[in-house]
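Visitor: I am new to protein structures. Could you show me how to read one, step by step?

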Amino acid sequence: MLVKYELLKILRKKSTLIVMAVSLIVTGFLFGLPIMQYQIYDPNGVIKGTEGIAYEKKQFAELSVPLSEEYVAKTIREVQELFQDPEHVGNDGNERFLIGDAYWNGVAPREKLLALIASTYSAPDEIQGYNSLPDLDRKEAASFYRKREEKIEALLDQPSRALSREQKEYWRGMADEVEIPLQYGYYGGWEVIISSFELLLFAVLAICIATAPVFAGEFQAGTDAVILSAKYGKTKLITAKIAAAFLFGTAAFILHVLLACGLPLAAFGIDGWDLPLQIANTVIPYPFTFLQAVLINIGIIYLILLAMIGLTLFLSAKMKTPYLVLTVLVPLLFLPIFLTPDGTTGTYNLILFLLPYRAVMPEFSKYISYQSGGLVMDALTVRAILYAMIAAVMPLLAGLGFKKHSD
């Protein structure tokens, strides 16, 4: 009953209703923006919105195939043959490209696939498109997965990464778990979700704003002395306040996630949920499908939220008004936006990747790892452990902090 009462206390605040309404509107707008802004081209011009999405999905219908080395080699040969006819080739002085029907019929329907293939044959940190494929010889074209392994090895050996032997072995072992040949297909909705995870940080802030008055509101109203002098004021009531804050945060988070994922999947479809992440970038080492990747990162964001609620409660128990709580939370959540990593190693970068703003981004292709002795863990694992620990400790400190006001 106490938990229910405290939960209703949070829900009935006008500020909670306003903040949640604004947050849901902002989340809906931000995750709906890729749908409204979506555009693709055909020979007649641009196709926008849902009509453009339907056009792209139709193009992908013939591309849902296993990327066997034979299929990749055949695809490369087809592009090379198109470049052999001078009438099909344009030149802007820097590079050659296909024009006319050769482009619209031979490249446009599968340009994303061709870019994926070309990037696998390119050197690390190079961006290559389909127009680099004519430079490949037949031996290279027939060794797609060997080239993928070589590129991963080259990435691991880059001096700027400064990876230890144990870290390299860790990433090699993970990359070896990826099943080949890769199954290709359409994954538009999942691509939008994965590239937009940082936008959920606004939802995290909104939930923290709503829970900031849990203890500080009692100080502000002058009711803290009454609560703490009551029979269960220092025990069950404090526990009920903390539990209500986490229940509210969980329910609000579920609403935001359903909206954030529901809009792209409703517009682009759920196609691709069972496809491997590597069809977006072949050097991604994580052996996840798109659905697994989304669920895992949502789980990490949820742990970040729980940790931030815990921190909010702790600050609320120590500060006299909810506004003072926000003076700490807002910079913590959003100042890292202005901090840019200059690599994937070093103390500065490794700390930055663990701060809330960066921690909500999966960054699957960056090979970010942490090592202690012979133990190596990837960024996703470290984030999950770190924020789970914070989420467990902070509520205890919040309870102790609120009790001390009676001393």
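Guide: We will go from the whole chain to single residues. Please keep in mind that this is a predicted model.

Visitor: Which elements build the protein chain, and how many are there?

Guide: A good start is to list the helices and strands. Here the protein chain has 19 helices and 6 strands. Its C-alpha trace spans about 90 × 50 × 35 Å along the principal axes.

Visitor: How many of the residues count as buried?

Guide: For this, look at how much of each residue is accessible. Of the 407 residues in the protein chain, 49% count as buried. The accessible surface comes to about 19500 Å², and 62% of that belongs to carbon and sulfur atoms.

Visitor: Is T312 buried or exposed?

Guide: Buried means under 20% relative accessible area. T312 has 0% relative accessibility, so it counts as buried. You will find T312 in helix 15, which covers residues 290-318.

Visitor: What is T312 in contact with, leaving aside its neighbours within four places in sequence?

Guide: With those neighbours left out, T312 is in contact with C208, T211, A212, V325 and L329.

Visitor: Which residues form a nonpolar patch on the surface?

Guide: Here we look for nonpolar side chains on the outside. I18, V22, V26 and F202 form such a patch, with about 320 Å² of accessible area together. Helix 2, residues 14-37, gives the most to this patch, with 3 residues.

Visitor: Why does I18 count as partly exposed?

Guide: Partly exposed lies between the buried cut-off of 20% and the exposed cut-off of 50%. I18, found in helix 2, counts as partly exposed because its relative accessibility is 48%.

Conventions: Residues are numbered from 1 along each chain as its sequence is written. This is a predicted model: local features need pLDDT of at least 70, side-chain atom pairs count only at pLDDT 80 or more; totals for chains, interfaces and linings use all residues. Side-chain values use heavy atoms; hydrogens and water are left out. Helices (H or I, at least four residues) and strands (E, at least two) are DSSP runs, numbered from the N terminus. Buried means under 20% relative accessible area, exposed over 50%, partly exposed in between (1.4 Å probe, protein chains only). Contact means heavy atoms within 4.5 Å. Accessible areas come from the Shrake-Rupley method with a 1.4 Å probe; for residues, only the protein chains shown count as cover. Patches are made of residues with over 30% relative accessible area and no salt bridge: like charges are joined within 9 Å, nonpolar side chains (Val, Leu, Ile, Met, Phe, Trp, Tyr) within 5 Å. A salt bridge is a side-chain nitrogen of Lys or Arg within 4 Å of a carboxyl oxygen of Asp or Glu.
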